[in-house]
Amino acid sequence: MKTMLTIISNALCRITGRNAGARVVVSRSFADFTPQATFEIKKCDLHRLEEGPPLKAEMTREQGLQYYRTMQTVRRMELKADQLYKQKIIRGFCHLYDGQEACAAGIEAAINRSDHLITAYRAHGYTYTRGVAIKEILAELTGRKGGVAKGKGGSMHMYAPAFYGGNGIVGAQVPLGAGIALACQYQGNNQLCVTLYGDGAANQGQLFESFNMAALWKLPCIFICENNKYGMGTSVERASASTDYYKRGDFIPGLRVDGMDVLCVREATKFAADHCRSGKGPIIMELQTYRYHGHSMSDPGVSYRTREEIQEVRSKNDPISMLKDRLLSNNMASAEELKEIDVAIRKEVEDAAQYATSDPEPPLEELCNHIFYNNPPLEVRGTHPWSKLKSLS
(Lines give C-alpha, C1' and ligand atoms only; values in the text may rest on other atoms or scores of the structure.)
Protein backbone atom coordinates (compact mmCIF):
# COMPACT_ATOMS: atom_id res chain seq x y z
CA MET A 1 0.00 0.00 0.00
CA LYS A 2 2.80 2.37 0.92
CA THR A 3 4.60 1.57 -2.36
CA MET A 4 1.44 2.29 -4.39
CA LEU A 5 0.99 5.68 -2.63
CA THR A 6 4.62 6.51 -3.38
CA ILE A 7 4.13 5.65 -7.07
CA ILE A 8 0.98 7.83 -7.26
CA SER A 9 2.73 10.68 -5.41
CA ASN A 10 5.75 10.54 -7.71
CA ALA A 11 3.47 10.49 -10.76
CA LEU A 12 1.64 13.58 -9.52
CA CYS A 13 4.96 15.29 -8.93
CA ARG A 14 6.10 14.55 -12.49
CA ILE A 15 2.81 15.91 -13.88
CA THR A 16 2.88 19.09 -11.80
CA GLY A 17 6.62 19.59 -12.00
CA ARG A 18 7.06 19.40 -8.20
CA ASN A 19 9.91 17.73 -6.37
CA ALA A 20 9.22 14.22 -5.14
CA GLY A 21 9.55 15.43 -1.53
CA ALA A 22 6.95 18.15 -1.93
CA ARG A 23 3.57 17.66 -0.28
CA VAL A 24 0.56 17.48 -2.59
CA VAL A 25 -2.51 19.18 -1.14
CA VAL A 26 -5.83 18.24 -2.70
CA SER A 27 -8.41 20.92 -1.90
CA ARG A 28 -12.14 20.38 -1.90
CA SER A 29 -14.24 22.26 -4.42
CA PHE A 30 -17.21 24.41 -3.44
CA ALA A 31 -19.50 21.77 -4.93
CA ASP A 32 -18.49 19.42 -2.09
CA PHE A 33 -20.09 21.68 0.54
CA THR A 34 -23.73 21.97 1.59
CA PRO A 35 -24.94 25.30 0.14
CA GLN A 36 -27.73 25.85 2.68
CA ALA A 37 -29.06 24.31 5.88
CA THR A 38 -31.87 24.83 8.39
CA PHE A 39 -31.16 25.01 12.11
CA GLU A 40 -33.35 24.84 15.17
CA ILE A 41 -32.98 27.89 17.41
CA LYS A 42 -34.03 28.63 20.95
CA LYS A 43 -37.56 29.94 21.48
CA CYS A 44 -37.76 33.58 22.56
CA ASP A 45 -39.68 34.62 25.66
CA LEU A 46 -42.47 37.01 24.66
CA HIS A 47 -44.14 40.03 26.25
CA ARG A 48 -47.38 41.45 24.80
CA LEU A 49 -46.88 39.44 21.61
CA GLU A 50 -49.12 36.64 20.34
CA GLU A 51 -46.33 35.10 18.28
CA GLY A 52 -42.61 35.56 18.05
CA PRO A 53 -39.70 34.82 15.72
CA PRO A 54 -39.53 31.38 14.01
CA LEU A 55 -38.01 28.39 15.80
CA LYS A 56 -35.94 27.47 12.75
CA ALA A 57 -33.45 29.56 10.82
CA GLU A 58 -32.02 29.04 7.36
CA MET A 59 -28.40 29.89 6.68
CA THR A 60 -26.46 29.67 3.44
CA ARG A 61 -22.80 28.71 3.35
CA GLU A 62 -21.87 32.26 2.29
CA GLN A 63 -23.81 33.75 5.20
CA GLY A 64 -22.22 31.35 7.65
CA LEU A 65 -18.72 32.21 6.49
CA GLN A 66 -19.52 35.92 6.62
CA TYR A 67 -20.85 35.69 10.19
CA TYR A 68 -17.76 33.69 11.15
CA ARG A 69 -15.41 36.29 9.64
CA THR A 70 -17.25 39.15 11.34
CA MET A 71 -17.27 37.58 14.81
CA GLN A 72 -13.71 36.29 14.57
CA THR A 73 -12.49 39.71 13.40
CA VAL A 74 -14.16 41.46 16.34
CA ARG A 75 -12.69 38.86 18.72
CA ARG A 76 -9.14 39.24 17.36
CA MET A 77 -9.41 43.03 17.26
CA GLU A 78 -10.48 43.18 20.90
CA LEU A 79 -7.73 40.81 22.00
CA LYS A 80 -5.22 43.02 20.21
CA ALA A 81 -6.67 46.07 21.98
CA ASP A 82 -6.19 44.21 25.27
CA GLN A 83 -2.54 43.60 24.40
CA LEU A 84 -1.91 47.22 23.35
CA TYR A 85 -3.57 48.47 26.54
CA LYS A 86 -1.35 46.29 28.71
CA GLN A 87 1.65 47.66 26.80
CA LYS A 88 0.38 51.17 27.72
CA ILE A 89 0.02 52.09 24.05
CA ILE A 90 -3.75 52.48 24.52
CA ARG A 91 -4.58 54.64 27.54
CA GLY A 92 -7.75 55.76 29.33
CA PHE A 93 -11.15 54.11 29.08
CA CYS A 94 -11.36 50.91 27.06
CA HIS A 95 -14.39 48.58 27.18
CA LEU A 96 -13.96 45.35 25.23
CA TYR A 97 -16.68 43.35 23.45
CA ASP A 98 -15.27 39.81 23.28
CA GLY A 99 -17.92 37.25 24.15
CA GLN A 100 -20.77 39.38 22.80
CA GLU A 101 -19.89 39.13 19.09
CA ALA A 102 -23.11 37.30 18.12
CA CYS A 103 -25.13 40.37 19.12
CA ALA A 104 -23.40 42.74 16.70
CA ALA A 105 -23.15 40.20 13.87
CA GLY A 106 -26.77 39.05 14.23
CA ILE A 107 -28.23 42.55 14.41
CA GLU A 108 -26.26 43.75 11.39
CA ALA A 109 -27.36 40.70 9.38
CA ALA A 110 -31.03 41.58 9.99
CA ILE A 111 -31.12 45.31 9.24
CA ASN A 112 -30.17 47.46 6.25
CA ARG A 113 -27.03 49.56 6.01
CA SER A 114 -29.29 52.60 5.64
CA ASP A 115 -30.88 51.85 9.04
CA HIS A 116 -29.43 53.63 12.04
CA LEU A 117 -27.65 52.35 15.14
CA ILE A 118 -26.54 53.96 18.39
CA THR A 119 -24.93 52.25 21.37
CA ALA A 120 -23.13 52.82 24.65
CA TYR A 121 -19.37 52.88 25.30
CA ARG A 122 -18.72 49.19 24.47
CA ALA A 123 -18.72 50.20 20.83
CA HIS A 124 -15.73 48.68 18.98
CA GLY A 125 -17.71 45.73 17.58
CA TYR A 126 -20.51 47.89 16.19
CA THR A 127 -18.01 50.37 14.76
CA TYR A 128 -16.58 47.49 12.72
CA THR A 129 -19.94 46.02 11.63
CA ARG A 130 -21.06 49.49 10.55
CA GLY A 131 -18.21 49.56 8.04
CA VAL A 132 -15.15 51.11 9.71
CA ALA A 133 -11.79 49.46 8.94
CA ILE A 134 -9.89 47.68 11.72
CA LYS A 135 -6.89 49.97 11.34
CA GLU A 136 -9.06 53.07 11.83
CA ILE A 137 -10.55 51.59 15.00
CA LEU A 138 -7.18 50.62 16.50
CA ALA A 139 -5.64 53.95 15.44
CA GLU A 140 -8.46 55.73 17.24
CA LEU A 141 -7.73 53.67 20.35
CA THR A 142 -4.05 54.69 20.18
CA GLY A 143 -4.98 58.36 19.59
CA ARG A 144 -3.50 58.64 16.10
CA LYS A 145 -4.32 60.93 13.19
CA GLY A 146 -5.59 58.05 11.07
CA GLY A 147 -8.23 57.05 13.62
CA VAL A 148 -11.91 57.07 12.70
CA ALA A 149 -12.39 60.22 14.82
CA LYS A 150 -8.94 61.58 13.88
CA GLY A 151 -7.49 60.37 17.18
CA LYS A 152 -9.60 62.73 19.29
CA GLY A 153 -12.47 60.44 20.28
CA GLY A 154 -10.91 57.31 21.73
CA SER A 155 -12.64 54.09 22.71
CA MET A 156 -16.07 55.52 23.49
CA HIS A 157 -16.46 58.02 20.63
CA MET A 158 -16.31 56.39 17.21
CA TYR A 159 -18.76 57.22 14.43
CA ALA A 160 -19.66 56.23 10.87
CA PRO A 161 -22.51 56.89 8.43
CA ALA A 162 -25.77 55.82 10.16
CA PHE A 163 -23.76 55.02 13.32
CA TYR A 164 -23.94 57.53 16.15
CA GLY A 165 -21.41 56.09 18.56
CA GLY A 166 -20.12 55.25 21.17
CA ASN A 167 -21.64 57.32 24.05
CA GLY A 168 -19.83 57.72 27.34
CA ILE A 169 -22.72 58.71 29.63
CA VAL A 170 -24.67 55.70 30.89
CA GLY A 171 -28.07 55.48 29.21
CA ALA A 172 -27.77 58.86 27.46
CA GLN A 173 -27.83 57.26 23.99
CA VAL A 174 -31.39 55.93 24.50
CA PRO A 175 -33.27 59.26 24.16
CA LEU A 176 -30.94 60.10 21.27
CA GLY A 177 -31.93 56.83 19.59
CA ALA A 178 -35.61 57.70 20.06
CA GLY A 179 -34.87 61.05 18.41
CA ILE A 180 -33.21 59.34 15.45
CA ALA A 181 -36.29 57.11 15.11
CA LEU A 182 -38.45 60.25 15.18
CA ALA A 183 -36.39 61.63 12.29
CA CYS A 184 -36.94 58.38 10.36
CA GLN A 185 -40.69 58.65 10.92
CA TYR A 186 -40.74 62.35 10.03
CA GLN A 187 -38.84 61.78 6.80
CA GLY A 188 -40.97 58.77 5.88
CA ASN A 189 -37.97 56.79 4.60
CA ASN A 190 -38.99 53.37 6.03
CA GLN A 191 -35.79 53.31 8.10
CA LEU A 192 -35.48 52.47 11.79
CA CYS A 193 -33.08 53.01 14.65
CA VAL A 194 -31.50 50.25 16.73
CA THR A 195 -30.89 51.73 20.18
CA LEU A 196 -28.63 49.64 22.42
CA TYR A 197 -27.96 49.86 26.14
CA GLY A 198 -26.68 47.52 28.85
CA ASP A 199 -28.33 45.98 31.87
CA GLY A 200 -26.45 48.52 33.99
CA ALA A 201 -28.33 51.36 32.25
CA ALA A 202 -31.71 49.62 32.38
CA ASN A 203 -32.78 51.38 35.60
CA GLN A 204 -32.12 54.89 34.26
CA GLY A 205 -35.09 57.24 34.31
CA GLN A 206 -34.34 58.58 30.84
CA LEU A 207 -34.97 55.10 29.39
CA PHE A 208 -38.56 55.12 30.58
CA GLU A 209 -39.13 58.66 29.34
CA SER A 210 -37.88 57.50 25.93
CA PHE A 211 -40.09 54.39 26.05
CA ASN A 212 -43.13 56.54 26.79
CA MET A 213 -42.56 58.99 23.96
CA ALA A 214 -41.65 56.23 21.49
CA ALA A 215 -44.86 54.35 22.33
CA LEU A 216 -47.03 57.50 22.14
CA TRP A 217 -45.67 58.43 18.71
CA LYS A 218 -45.21 54.82 17.48
CA LEU A 219 -41.59 55.46 16.60
CA PRO A 220 -39.68 52.86 14.51
CA CYS A 221 -37.18 52.09 17.28
CA ILE A 222 -35.79 48.74 18.40
CA PHE A 223 -34.63 49.19 21.99
CA ILE A 224 -32.08 46.47 22.74
CA CYS A 225 -30.74 45.63 26.19
CA GLU A 226 -27.48 43.72 25.95
CA ASN A 227 -27.72 41.87 29.25
CA ASN A 228 -24.21 40.58 29.95
CA LYS A 229 -25.15 39.74 33.56
CA TYR A 230 -23.05 42.44 35.24
CA GLY A 231 -23.29 46.23 35.37
CA MET A 232 -19.64 47.05 36.11
CA GLY A 233 -19.05 44.72 39.09
CA THR A 234 -22.66 44.34 40.19
CA SER A 235 -24.72 41.33 39.14
CA VAL A 236 -28.17 41.99 37.68
CA GLU A 237 -29.81 40.23 40.64
CA ARG A 238 -28.25 42.74 43.05
CA ALA A 239 -29.07 45.79 40.90
CA SER A 240 -32.59 45.18 39.58
CA ALA A 241 -35.79 44.26 41.40
CA SER A 242 -36.90 42.71 38.10
CA THR A 243 -34.36 41.19 35.73
CA ASP A 244 -36.97 40.63 32.99
CA TYR A 245 -35.60 43.52 30.97
CA TYR A 246 -37.70 42.64 27.93
CA LYS A 247 -40.82 43.40 30.00
CA ARG A 248 -39.57 46.74 31.25
CA GLY A 249 -41.39 48.67 28.52
CA ASP A 250 -44.69 47.60 30.13
CA PHE A 251 -46.91 48.86 27.29
CA ILE A 252 -44.22 48.09 24.65
CA PRO A 253 -43.94 44.50 23.28
CA GLY A 254 -40.76 42.65 24.16
CA LEU A 255 -38.56 39.63 23.36
CA ARG A 256 -35.93 37.81 25.39
CA VAL A 257 -33.35 36.29 23.05
CA ASP A 258 -30.34 33.97 23.27
CA GLY A 259 -27.66 36.57 22.57
CA MET A 260 -24.91 33.96 22.19
CA ASP A 261 -26.48 32.47 19.04
CA VAL A 262 -25.98 34.62 15.94
CA LEU A 263 -28.93 32.99 14.16
CA CYS A 264 -31.26 33.54 17.12
CA VAL A 265 -30.24 37.21 17.26
CA ARG A 266 -30.67 37.57 13.49
CA GLU A 267 -34.17 36.09 13.42
CA ALA A 268 -35.34 38.07 16.46
CA THR A 269 -34.00 41.31 14.97
CA LYS A 270 -35.72 40.59 11.66
CA PHE A 271 -38.96 40.07 13.57
CA ALA A 272 -38.46 43.32 15.49
CA ALA A 273 -37.57 45.25 12.33
CA ASP A 274 -40.73 44.03 10.57
CA HIS A 275 -42.74 45.09 13.64
CA CYS A 276 -41.30 48.62 13.47
CA ARG A 277 -41.57 49.05 9.70
CA SER A 278 -45.22 47.96 9.73
CA GLY A 279 -46.11 51.00 11.82
CA LYS A 280 -46.73 49.17 15.10
CA GLY A 281 -44.28 51.34 17.01
CA PRO A 282 -41.27 50.41 19.15
CA ILE A 283 -40.26 47.00 20.47
CA ILE A 284 -37.82 45.92 23.18
CA MET A 285 -35.30 43.08 22.87
CA GLU A 286 -33.22 41.64 25.68
CA LEU A 287 -30.14 39.80 24.43
CA GLN A 288 -28.80 37.42 27.06
CA THR A 289 -25.06 37.52 26.49
CA TYR A 290 -21.75 37.52 28.38
CA ARG A 291 -18.51 39.49 28.36
CA TYR A 292 -15.23 37.65 28.87
CA HIS A 293 -13.24 40.70 29.94
CA GLY A 294 -14.03 42.87 32.93
CA HIS A 295 -16.25 45.94 32.63
CA SER A 296 -13.26 47.88 31.31
CA MET A 297 -9.54 47.27 31.12
CA SER A 298 -9.15 48.65 34.65
CA ASP A 299 -11.41 45.85 35.95
CA PRO A 300 -9.78 42.39 36.20
CA GLY A 301 -13.28 40.91 36.11
CA VAL A 302 -12.74 38.18 38.68
CA SER A 303 -13.45 39.93 41.98
CA TYR A 304 -17.24 39.56 41.58
CA ARG A 305 -17.33 36.33 39.53
CA THR A 306 -15.13 33.26 39.40
CA ARG A 307 -12.71 32.25 36.69
CA GLU A 308 -14.61 28.97 36.53
CA GLU A 309 -17.80 30.82 35.61
CA ILE A 310 -16.06 32.58 32.73
CA GLN A 311 -14.43 29.37 31.54
CA GLU A 312 -17.74 27.51 31.62
CA VAL A 313 -19.33 30.06 29.28
CA ARG A 314 -16.29 29.91 26.99
CA SER A 315 -16.41 26.12 26.80
CA LYS A 316 -20.18 25.59 26.56
CA ASN A 317 -21.71 28.72 25.04
CA ASP A 318 -19.11 30.60 23.00
CA PRO A 319 -20.81 32.26 19.99
CA ILE A 320 -17.94 31.64 17.57
CA SER A 321 -17.51 28.01 18.59
CA MET A 322 -21.27 27.45 18.25
CA LEU A 323 -21.29 28.76 14.68
CA LYS A 324 -18.09 26.86 13.81
CA ASP A 325 -19.65 23.59 15.01
CA ARG A 326 -22.74 24.22 12.87
CA LEU A 327 -20.65 24.86 9.77
CA LEU A 328 -18.47 21.79 10.25
CA SER A 329 -21.18 19.34 11.36
CA ASN A 330 -23.39 20.27 8.39
CA ASN A 331 -20.57 20.10 5.85
CA MET A 332 -20.88 23.82 5.07
CA ALA A 333 -17.16 24.45 5.51
CA SER A 334 -13.96 22.54 6.20
CA ALA A 335 -11.68 22.93 9.19
CA GLU A 336 -8.87 23.91 6.78
CA GLU A 337 -11.00 26.67 5.25
CA LEU A 338 -11.88 28.14 8.64
CA LYS A 339 -8.22 27.92 9.64
CA GLU A 340 -7.27 29.93 6.55
CA ILE A 341 -9.85 32.56 7.50
CA ASP A 342 -8.40 32.71 11.02
CA VAL A 343 -4.86 33.18 9.67
CA ALA A 344 -5.98 35.95 7.28
CA ILE A 345 -7.81 37.76 10.10
CA ARG A 346 -4.80 37.52 12.41
CA LYS A 347 -2.62 39.08 9.71
CA GLU A 348 -5.12 41.86 9.02
CA VAL A 349 -5.31 42.69 12.74
CA GLU A 350 -1.50 42.61 13.09
CA ASP A 351 -1.12 44.94 10.10
CA ALA A 352 -3.75 47.25 11.60
CA ALA A 353 -1.91 47.28 14.92
CA GLN A 354 1.31 48.16 13.14
CA TYR A 355 -0.45 51.08 11.48
CA ALA A 356 -2.03 52.16 14.78
CA THR A 357 1.34 52.29 16.51
CA SER A 358 3.30 53.99 13.70
CA ASP A 359 0.77 56.59 12.52
CA PRO A 360 1.54 60.07 13.93
CA GLU A 361 -0.55 61.74 16.60
CA PRO A 362 -2.74 64.67 15.47
CA PRO A 363 -0.85 68.00 15.57
CA LEU A 364 -1.74 70.67 18.12
CA GLU A 365 -3.09 72.91 15.33
CA GLU A 366 -6.01 70.49 14.90
CA LEU A 367 -7.05 70.57 18.56
CA CYS A 368 -9.97 72.96 18.05
CA ASN A 369 -11.10 71.61 14.68
CA HIS A 370 -14.46 69.88 14.24
CA ILE A 371 -15.95 71.37 17.39
CA PHE A 372 -18.67 73.10 15.38
CA TYR A 373 -20.55 71.62 12.43
CA ASN A 374 -19.70 74.79 10.50
CA ASN A 375 -17.82 77.98 11.39
CA PRO A 376 -18.16 79.23 15.02
CA PRO A 377 -21.18 81.56 15.41
CA LEU A 378 -19.12 84.26 17.13
CA GLU A 379 -15.74 84.78 18.73
CA VAL A 380 -15.65 85.36 22.49
CA ARG A 381 -12.33 86.86 23.56
CA GLY A 382 -10.32 85.17 26.30
CA THR A 383 -12.76 82.35 27.03
CA HIS A 384 -10.25 79.54 26.56
CA PRO A 385 -6.48 79.12 26.43
CA TRP A 386 -6.57 78.15 22.73
CA SER A 387 -8.21 81.37 21.50
CA LYS A 388 -5.52 81.77 18.83
CA LEU A 389 -6.59 78.51 17.24
CA LYS A 390 -9.50 78.44 14.82
CA SER A 391 -12.09 75.69 14.40
CA LEU A 392 -12.09 74.46 10.80
CA SER A 393 -14.76 71.90 9.94
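Lysine 80 is buried in this predicted model, with a relative accessible area of 9%, which falls under the 20% limit for burial. The residue forms a salt bridge with glutamate 350, in which the closest N and O atoms are 2.8 Å apart. Lysine 80 belongs to helix 2 (residues 61-86) and glutamate 350 to helix 12 (residues 335-358), so the pair ties together parts that are 270 residues apart in sequence. Glutamate 350, in contrast to its buried partner, counts as partly exposed, at 43% relative accessibility.

Helix 2 also contains a salt bridge between the side chains of lysine 86 and aspartate 82, with an N to O distance of 3.2 Å. These two residues are separated by about one helical turn, because they are 4 residues apart in the helix. Lysine 86 is exposed, with a relative accessible area of 60%, whereas aspartate 82 counts as buried at 10%.

A further salt bridge joins the side chains of arginine 256 and aspartate 45 at 3.0 Å, N to O. Arginine 256 is part of strand 9 (residues 254-258) and aspartate 45 is part of strand 2 (residues 45-47), so parts of the chain 211 residues apart in sequence are tied together. Arginine 256 counts as buried at 18% relative accessibility, while aspartate 45 is partly exposed at 34%. Both residues belong to a network with Asp244 and Lys247, joined by salt bridges that share partners. In the whole structure, 16 salt bridges are found.

The protein chain has 393 residues, of which 49% are buried, and it contains 12 helices and 10 strands. Among contacts between residues at least 6 apart in sequence, 71% join residues at least 24 apart. The accessible surface comes to about 19,900 Å², and 53% of this area belongs to carbon and sulfur atoms.

The largest nonpolar core consists of 70 residues, among which Ile107, Tyr126, Val194, Ile222, Leu255 and Met285 touch the most other members. The contacts of tyrosine 126 beyond four places in sequence include Tyr97, Cys103, Phe163, Leu196 and Glu226. A second, separate core of 20 residues includes Val174, Tyr197, Cys221 and Tyr245.

Two loop residues were also examined. Serine 155 lies between helix 5 (134-141) and helix 6 and counts as buried, at 5% relative accessibility. The side chain of serine 155 makes a polar contact of 2.8 Å with that of histidine 124. Other residues touched by serine 155 include Phe93, Cys94, His95 and Tyr121. Alanine 201 is placed in the loop between strand 5 (193-198) and helix 7 (205-217), and it too is buried, at 5% relative accessibility. Beyond four places in sequence, alanine 201 touches Val170, Gly171 and Leu207. The C-alpha atom of alanine 201 is separated by 10.0 Å from that of asparagine 227, a residue 26 places away along the chain.

On the surface, Leu182, Met213, Leu216 and Trp217 make a nonpolar patch of about 400 Å². Helix 7 gives the most to this patch, with 3 residues. Leucine 182 is found in helix 6 (residues 173-187) and is partly exposed, with a relative accessible area of 33%.

Definitions and conventions: Residues numbered from 1 in each chain as written. Predicted model: local features only at pLDDT ≥ 70, side-chain atom pairs only at ≥ 80, totals over all residues. Heavy atoms only, no water. Buried < 20%, exposed > 50% of the residue type's maximum accessible area, 1.4 Å probe, protein only. Contact = heavy atoms within 4.5 Å. Patch = residues over 30% accessible without salt bridge, like charges linked within 9 Å, V, L, I, M, F, W, Y side chains within 5 Å. Areas by Shrake-Rupley, 256 points an atom, 1.4 Å probe, with all protein chains shown as cover. Salt bridge = Lys/Arg side-chain N within 4 Å of Asp/Glu carboxyl O. Core = buried A, V, L, I, M, F, W, Y, C linked by side-chain atoms within 4.5 Å. Polar contact = N/O pair within 3.5 Å; in protein donor to acceptor, adjacent residues only side chain to side chain.
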